[in-house]
Amino acid sequence: MLRLALNRLATVACFGALALAVTACSTFSHTARPDARQVAGPPRTIEAALPADAEPAGSTATSPEGDRAPDPVAAQAQSTPETPALEEGMAQARDDVGTDAEPDEYDPWERWNEPMFNFNRRLDTYVLKPVAKGYNFVVPDEIQIMISNGFDNISFVPRLVNSLLQGKVKGAGRELGRFLINSTAGVGGLFDPAKDVFGILKSREDFGQTLGVWGVGSGPYLIVPFLEPLTVRDGVGKAVDSALDPLSYFLPLIWERLAMKVGDIVNERSLNLDLFQGFEESVIDMYSAVRHAYLQRRLRLIRE
C-alpha cells in the first residue's frame, strides 16, 4: 500500500511539472496572435501581431454586442488642430479615460517581471514548441481544430456567467445558443456550426474583465513563472474562472485535469507554430512590447 501511494504521488508530481512547464509557454500565444490576413514581412511592433479583435488603441473596435468603441484619445487627436493645444487636449482625453489609459507605465515589479518573462520565453523555445512540432507531425490539422473546438465548447460556462455579471444579456444568450448548437449539431462541440452556419460568435468575457467593469483597478503588472502575463486583478479573475470550469467537477482527480490542460496547451501551440516567426528579430524590447500589448488589449476588452 505504501509503495502504491508513493507511485501515485510520483505520477501526480510528474504531471504537475509537465503542466507547469508547458503552461508557461502560453505566455506569448495568449498575449499576441497574428492576424491570418497579415501582409508579407514580419510585424514591426507587437500590435501588428495582435488578432483582428485587438486592434491598436488608436483604432475603432466593434464589440460582439455590435457597439462601437472609439478611442477617446484618437478622437481628440483627429478633431484638434495641430497647435500647442493638441497636447493639452490629448492629455485631457487620457484623464477622461482613467488611469488605465496607459497601464504599461504601472510596472513596479519590473525587476522581477523581466527575468521571469525571459525564463518563460526560453521554456516556449526549448520545451513547448519542440513538443508541439512533434504533435503537429503526428496529428492532422483537422483533428487539432476539432480538439480545440471541443475544449472551447466545454469552457463556455465562465464566458456565460461573466456576460451576465457584466450585464451583457445578448452575450450570455449567444454563449448558451452556441453551446446548445455545437453540443448537438456540432457532435459534442467538435465542430462549430454555431459560427460556420449561423454566424454566432462567442463572447470574450472573463472575471478579470468583470472586475474591471465593476471599477476594480488592474493593480501591478505581473509575470509569474509557468503562467501567461497577468495583472493582480486578472490573476484573481483567472482563479475564479478556473473554479467555474466544468472540467474541475467532471474530472475531480488532479492528474486527469492536468493531462487535459497539457493536451489543450500543446494542441493550441501546434495550431500556432509560426506565431512569432520573424517577430522577435524585429522588436528591440520584447518585454516592453508584450507588456504594452497585453495591458492595452485588456483595457479594450473592458471598454467593450
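Visitor: Where is V187 found?

Guide: This is a predicted model, and in it V187 sits in the loop between α8 and α9 (193-196). The phi of V187 is near 55°, a positive value in a residue other than glycine.

Visitor: Which other residue that is not glycine has a phi near 75°?

Guide: F226 has a phi near 75°, again a positive value in a residue other than glycine. F226 lies in the loop between β3 (221-222) and β4 (230-231). A glycine can be listed too: G167, just after α7, takes a positive phi of about 75°.

Visitor: Is F226 buried or exposed, or something in between?

Guide: F226 counts as partly exposed, because its relative accessibility is 25% and the buried class ends under 20%.

Visitor: What is F119 in contact with, leaving aside its neighbours within four places in sequence?

Guide: F119 is in contact with P225 and F226. F119 itself lies in helix α5. The C-alpha atoms of F119 and P225 are separated by 7.2 Å, although the two residues are 106 apart along the chain. With a relative accessible area of 28%, F119 is partly exposed.

Visitor: How many helices and strands does the protein have?

Guide: There are 14 helices and four strands. Of the 304 residues in the protein, 42% are buried. Among contacts between residues at least 6 apart in sequence, 70% join residues at least 24 apart.

Visitor: How should I read a nonpolar core, and which residues make up the largest nonpolar core here?

Guide: The general idea is that in soluble globular proteins nonpolar side chains tend to be buried together. In this model the largest nonpolar core has nine residues: M116, F117, Y221, I223, M286, Y287, V290, Y294 and L295. Two elements, α5 (110-138) and α14 (286-303), give two or more residues to this core. The most comes from α14, with five residues. Another core, of six residues, lies apart from it; among them are Y135, V139, I265 and V266.

Visitor: Take one member of the largest core. Is Y287 buried or exposed?

Guide: Y287 is buried, because its relative accessible area is 3%, under the 20% limit. Y287 lies in helix α14. Leaving aside neighbours within four places in sequence, Y287 is in contact with D107, E110, N113, E114, F117, Y221 and I223. One of these, N113, is 174 residues from Y287 in sequence and 8.9 Å from Y287 in space, C-alpha to C-alpha.

Visitor: How do I describe two helices that pack, and at what angle do the axes of α6 and α13 cross?

Guide: Two packed helices are described by the angle between their axes and the distance between the axes. The axes of α6 and helix α13 (residues 254-270) come within 10 Å and cross at roughly 130°. That makes α6 oblique to α13, because an angle over 115 and not over 145 degrees falls in the oblique class. The crossing in which α6 passes α13 is left-handed.

Visitor: Which residues make the contact?

Guide: From α6 come Q144, I147, S148 and F151, and from α13 come M260, D264, N267, E268 and S270. By class, the contact of α6 with α13 has three nonpolar, four polar and two charged residues.

Visitor: Why do positions a few places apart in a helix share a side?

Guide: An α-helix has 3.6 residues a turn, so residues three or four places apart point the same way.

Visitor: Which residues of helix α7 are buried?

Guide: In helix α7 (residues 156-165), the buried residues are F156, P158, R159, L160, N162 and S163. What covers them includes α6 (141-154), α8 (169-184), α10 (207-213) and α11.

Visitor: The last of these is α11. Where is the place of L244?

Guide: L244 is in helix α11 (residues 232-244). Leaving aside neighbours within four places in sequence, L244 is in contact with V157, P158 and V161. One of these, P158, is among the buried residues of α7. L244 and S155 are 89 residues apart in sequence and 8.7 Å apart in space, C-alpha to C-alpha.

Visitor: Is L244 buried, exposed or partly exposed?

Guide: L244 is partly exposed, with a relative accessible area of 26%.

Methods:
Residues numbered from 1 in each chain as written. Predicted model: local features only at pLDDT ≥ 70, side-chain atom pairs only at ≥ 80, totals over all residues. Heavy atoms only, no water. Buried < 20%, exposed > 50% of the residue type's maximum accessible area, 1.4 Å probe, protein only. Contact = heavy atoms within 4.5 Å. Core = buried A, V, L, I, M, F, W, Y, C linked by side-chain atoms within 4.5 Å. Axes fitted to C-alpha atoms, helices over the stretch in contact; angles between N-to-C directions. Parallel < 35°, antiparallel > 145°, perpendicular 65-115°, else oblique. Left-handed = near helix turned anticlockwise from the far one by under 90°. Nonpolar A, V, L, I, M, F, W, Y, C, P; charged D, E, K, R; others polar.
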